[in-house]
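Hi,

Here is the structure I promised to pass on. Have a look at it first, and then read on for what turned up.

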There are 2 protein chains.
Amino acid sequence: MKNLLSSIKISVPEKIFLKDPESSDLGKRIIGNGISLIAEIGFDSFTFKKLGTKIGSNESSIYRYFENKHKFLLYLTSWYWAWIEYQLVFSTSNVSDKTERLLKAIEVVTRTIKEDNNFTHVNEVTLNQIIINENSKSFLTKEVDSENKEGYFVVYKRLVSRIKEMILDINPDYKYASSISSTIIEGALHQHFLKDHFSSITDCDTVTPTKFFQELTINAIKPN
Amino acid sequence: MKNLLSSIKISVPEKIFLKDPESSDLGKRIIGNGISLIAEIGFDSFTFKKLGTKIGSNESSIYRYFENKHKFLLYLTSWYWAWIEYQLVFSTSNVSDKTERLLKAIEVVTRTIKEDNNFTHVNEVTLNQIIINENSKSFLTKEVDSENKEGYFVVYKRLVSRIKEMILDINPDYKYASSISSTIIEGALHQHFLKDHFSSITDCDTVTPTKFFQELTINAIKPN
DNA sequence: TAGAATTAATAGTAATACTATCATATTTGC
DNA sequence: GCAAATATGATAGTATTACTATTAATTCTA
């Protein structure tokens, strides 16, 4: 995985940025340090001014890469979901058993990220923390419909569709394939959050979100 | 329901407000118009200054009721969940069949709110829209742990626990009672959001979130 | 090595998220 | 019915945010 990822470029919808941060050293420092700053102080307190100070660069330079901090968050979420999608496709591609394939896919989208591939400027463990805490804020806005039209959420939607297809592949008659797929992906983030902050209303302090969602899904899609 | 609700006061953790908005006319106008303003412009653009203008009152007067707009959101979410909890308790209290009771409870937390009881200053239909769009923002903050200690989320957690207990009542061996309960409540909001903005990744444009979560839960907790 | 492109520095604006103070109503307790 | 307490309104002020604009300094490239 390490070697493969270092040669593959995660692709993010182009309209999200003004200038591709992957294309320069400054851009990469914006991403790398942006991730650690958001993880540290939270997205709500995050500003380009603070990030500029952190990387010893100017606020106005960051504005040349991203219109505003919301676009920056969209960049990070798209990057993250594209990275997850890549893992999902890769780790299910040679699995012939349909159920095994689905279980593997659920694992990929629900597991705890523990290892940073330590190669790119992106620390995936930290980014995963950000996704758990901030992902919803990327679409819970008044601009969601126009941003959706611009294609800012294609990666996320494609990921939901992939798992939906795997479910329909097992049981074409299951009526809620899209809903359960979107529930797994968003629900897993929520369970990880609860584990960290509201442990009394989750079981995922002792059992993994992966196990929970795997069993839930298998029981749900079983024909009866 | 109408008559009952008009005589019962929904109770919100006291530390959330500086002065109980139910205790004065101005307070009630703050809540009532606050709800419609947030629904209109979104929580991110909402300010006390704008609300002051809307109700023909002064910004500083609103600050005497709520420390800041985040506390205001906590007030609205607590009120909403307390209102839902009341309906849940009321509509399950005389149901002797355990499964029927659980299905009723799931209905209460997942259904579309269509009717405003039109009696209090709170429009529940509009408030429900706010909850769908803004609920996550009440806890996805850096202050979540200290605010949790202050008891700001008790109502929400108690609601999750009530459904968890109903599940364990049916199958005491089910290992994920808390997780599925929290998934139903949060997941239902998410499905309602998807229905409105990302209809391609939900089935809830044709089938209801209620049906989806009822079937999901019944299949999940079945002993095997 | 000139010209283009990138980044840095500085300044400025309107809005936000408050706090503080003082004035004016309104309520209530005696 | 009046004084005291309480609630609300009006005004002003501050630090920060979220930018935009302009100009200067670097660096990269043909």
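Which element gives the most to the surface near DNA strand C? That would be α4(B), with three residues. Before the rest, please keep in mind that this is a predicted model.

**The DNA side**

There are 17 residues around DNA strand C, and the nearest ones come from both protein chains: A:Ser57, A:Ser61, A:Tyr65, B:Glu59 and B:Asn68. Of the strand's atoms that come within 4 Å of the protein, 59% belong to sugar and phosphate.

A few individual contacts may be handy when you open the model. The side chain of A:Ser57 has an N or O atom 2.3 Å from a phosphate oxygen of DNA strand C. The bases are touched on as well: A:Arg64 places a polar side-chain atom 3.2 Å from a base nitrogen of DNA strand C, and for B:Glu59 a polar side-chain atom is 3.5 Å from a base nitrogen of that strand. As for elements that give two or more residues to this surface, they are α4 (59-63) of chain A and α4 (59-63) of chain B. By class, the surface near DNA strand C holds eight polar, six charged and three nonpolar residues.

**How the two chains relate**

Turn chain A by 180° with 0.0 Å of shift along the axis, and it superposes on chain B with an RMSD of 0.0 Å. The two copies are therefore related as by a two-fold rotation axis. Both copies use the same surface, as 100% of the contact residues of chain A recur in chain B. If you want to find the axis on screen, go to A:Asn219: among the residues of chain A, its C-alpha comes closest to the axis, at 2.9 Å.

**The largest pocket**

The largest pocket holds about 990 Å³ of space. Its lining counts 41 residues, and those nearest the centre are A:Asp44, A:Lys137, B:Phe43, B:Asp44 and B:Lys137. Several helices supply at least two lining residues each, including α5 (69-92), α7 (124-134) and α8 (144-149) of chain A, and α2 (25-41) and α10 (177-197) of chain B. The biggest contribution to the lining is from α7(B), with five residues. Sorted by class, the lining has 16 charged, 13 polar and twelve nonpolar residues.

That's the tour; shout if you would like to go through any of it together.

Cheers

Key
Residues numbered from 1 in each chain as written. Chains lettered and ligands numbered in written order. Predicted model: local features only at pLDDT ≥ 70, side-chain atom pairs only at ≥ 80, totals over all residues. Heavy atoms only, no water. Least-squares fit on C-alpha atoms with pLDDT ≥ 70 in both. Contact = heavy atoms within 4.5 Å. Near = heavy atom within 4 Å. Polar contact = N/O pair within 3.5 Å; in protein donor to acceptor, adjacent residues only side chain to side chain. Helix = DSSP H or I, 4+ residues; strand = E, 2+ residues; numbered from the N terminus. Nonpolar A, V, L, I, M, F, W, Y, C, P; charged D, E, K, R; others polar. 1 Å grid on protein atoms, 1.4 Å probe; cavity = no way out; pocket = protein on both sides within 12 Å on 5 of 7 lines; lining within 4 Å. Points joined across faces, edges and corners; volume = space filled by probe spheres on them.
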